[in-house]
Amino acid sequence: RDNPLQKNKNQPNHEEIQDEQVSAILSDDELRSILMDHKMQCLMQECSEGKRGLMYYLSHEEYGPKLRKLIDAGLLRLA
């Protein structure tokens with residue numbers, strides 16, 4: 001009899017799924033460039049600390065499209 005708590009060997013585990021997601025993100029040159037951009041890192045840190053809202057930057061000519069790309073990829077969420 002199967003133990004319901006035992007992992008199914010045919011199903012990928014959480015780590016495998018996460019590794020696949022990270023690989024997919026890093027294989028996208030535009031996403032990788034956005035994530036590695038120092039200005040974008042500072043901007044995201046600023047938003048996470050509540051100094052300026054993400055909504056402000058979403059309307060910004062330079063940063064808005066980059067932030068939307070991160071949101072579309074599931075890397076940022078609007079609260």
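**Buried side of helix α5 and an aromatic cluster**

In this predicted model, helix α5, which spans residues 63-72, has Y63, G64, L67 and L70 as buried residues.

Me: What puts the buried residues Y63, G64, L67 and L70 on the same side of α5?

Reply: These residues cover an arc of only 125° around the axis, and therefore they lie on the same side of α5. An α-helix has 3.6 residues a turn, so residues three or four places apart point the same way.

Me: What covers the buried residues of α5?

Reply: The cover includes three helices, namely α2 (29-36), α3 (38-48) and α4 (54-58).

Me: Why is L70 called buried?

Reply: L70, which lies in helix α5, has a relative accessibility of 0%, and because buried means under 20% relative accessible area, L70 counts as buried. Leaving aside neighbours within four places in sequence, L70 is in contact with L31, I34, L35, M40, M44, L75 and L76. As for I25, the C-alpha atoms of L70 and I25 are 9.8 Å apart in space, while the two residues are 45 residues apart in sequence.

Me: How many aromatic pairs does the structure hold, and what makes the pair of Y56 and Y57 edge-to-face?

Reply: The structure holds two aromatic pairs. The rings of Y56 and Y57 have their centres 5.0 Å apart, with their planes at 80°; since ring centres within 6.5 Å make a pair and planes over 60 degrees apart count as edge-to-face, the pair is therefore edge-to-face.

Me: What makes the pair of Y57 and Y63 edge-to-face?

Reply: For Y57 and Y63 the distance is 6.0 Å centre to centre, with 75° between the planes; set against the limits of 6.5 Å for the centres and over 60 degrees for the planes, these values give an aromatic pair that is edge-to-face. Y56, Y57 and Y63 form one aromatic cluster.

Me: Why is Y56 called partly exposed, and why do Y57 and Y63 count as buried?

Reply: Y56 has a relative accessible area of 43%, and because partly exposed lies between the limits of 20% and 50%, Y56 is partly exposed. Y57 has 9% relative accessibility and Y63 has a relative accessible area of 14%; as buried means under 20%, Y57 counts as buried, and Y63 is buried too.

Me: What follows α5?

Reply: α5 is followed by G74, whose phi is positive, near 80°.

Note on methods:
Residues are numbered from 1 along each chain as its sequence is written. This is a predicted model: local features need pLDDT of at least 70, side-chain atom pairs count only at pLDDT 80 or more; totals for chains, interfaces and linings use all residues. Side-chain values use heavy atoms; hydrogens and water are left out. Buried means under 20% relative accessible area, exposed over 50%, partly exposed in between (1.4 Å probe, protein chains only). Helices (H or I, at least four residues) and strands (E, at least two) are DSSP runs, numbered from the N terminus. The arc is that of the directions from the helix axis to the C-beta atoms. Contact means heavy atoms within 4.5 Å. Rings of Phe, Tyr and Trp (its six-membered ring) pair if their centres lie within 6.5 Å; planes under 30 degrees apart count as stacked, over 60 as edge-to-face and the rest as tilted.
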